Amino acid sequence: EGVSQASLSPDGNKVAFVSETPEGGLIYVADLVKGGMPQRISRLKRSEGRVTGCSWTSVTRLVCGAYYI
């Protein structure tokens, strides 16, 4: 497992990142103010495609890209 494609929210309070596993790409968001464990918000099975990355469009909206096989 590895972490890639980290993206800091515009206000600096959250970070989104992709974790690649043998099963596929997992998308997490961690709250840097509250702390605690990152929350998984989505996943894409490796057999279906790959997550290319995420970026914040506002402090509450995260857009992620993927390509499908």
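# Reading a four-stranded sheet and its disulfide

Me: How many strands does the open sheet have, and in what order do they come?

Reply: The general idea is that strands (E, at least two residues) are DSSP runs numbered from the N terminus, and that two strands pair if DSSP finds at least two bridges between them. Here an open sheet of 4 strands follows the order E1-E2-E3-E4, with antiparallel pairing. Strand E1 (2–8) and strand E4 (39–45) stand at the edges with a single partner strand each, so one side of each has no neighbour in the sheet. From one strand to the next the twist averages 20 degrees, where axes are lines fitted to C-alpha atoms and angles run from 0 to 180 degrees between N-to-C directions.

Me: What should I know about the model before reading on?

Reply: This is a predicted model, in which local features need pLDDT of at least 70 and side-chain atom pairs count only at pLDDT 80 or more, while totals for chains, interfaces and linings use all residues. Residues are numbered from 1 along each chain as its sequence is written, and side-chain values use heavy atoms, with hydrogens and water left out.

Me: Which residues stand opposite each other where E2 pairs with E3, and how many bridges join these strands?

Reply: Strand E2 (residues 14–21) and strand E3 (residues 24–31) pair in the antiparallel sense over 8 bridges, and they form a hairpin with 2 residues between them. Lysine 14 stands opposite aspartate 31 in E3, and phenylalanine 17 has tyrosine 28 as its bridge partner in E3. On the other pairing of E2, 5 bridges join E1 to E2, which run antiparallel, and valine 3 has serine 19 in E2 as its bridge partner.

Me: How are the rings of phenylalanine 17 and tyrosine 28 arranged?

Reply: Rings of Phe, Tyr and Trp (its six-membered ring) pair if their centres lie within 6.5 Å, and planes under 30 degrees apart count as stacked, over 60 as edge-to-face and the rest as tilted. By this rule the count comes to 1 aromatic pair. The ring centres of phenylalanine 17 and tyrosine 28 are 5.3 Å apart and their planes are at 15 degrees, so the pair is stacked.

Me: Is phenylalanine 17 buried or exposed, and what of strand E2 as a whole?

Reply: Buried means under 20% relative accessible area, exposed over 50%, and partly exposed in between (1.4 Å probe, protein chains only). Phenylalanine 17 is buried, with a relative accessible area of 14%, and E2 is mostly covered, since 6 of its 8 residues are buried.

Me: Where is the disulfide, and which cysteines does it join?

Reply: A disulfide is a covalent bond between the sulfur atoms of two cysteines, and here the term is applied to a pair of cysteine sulfur atoms within 2.5 Å. A search of the whole structure finds 1 disulfide, which joins cysteine 54 to cysteine 64 (S to S 2.0 Å). Cysteine 54 lies in strand E5 (residues 49–56) and cysteine 64 in strand E6 (residues 62–68), so the pair ties together parts that are 10 residues apart in sequence. Cysteine 54 is buried, with a relative accessible area of 11%, whereas cysteine 64 is partly exposed at 33%.

Me: Which residues make up the largest nonpolar core?

Reply: A nonpolar core is a set of buried Ala, Val, Leu, Ile, Met, Phe, Trp, Tyr and Cys residues joined through side-chain atoms within 4.5 Å. The largest has 5 residues, namely Val18, Ile27, Leu44, Val51 and Cys54.
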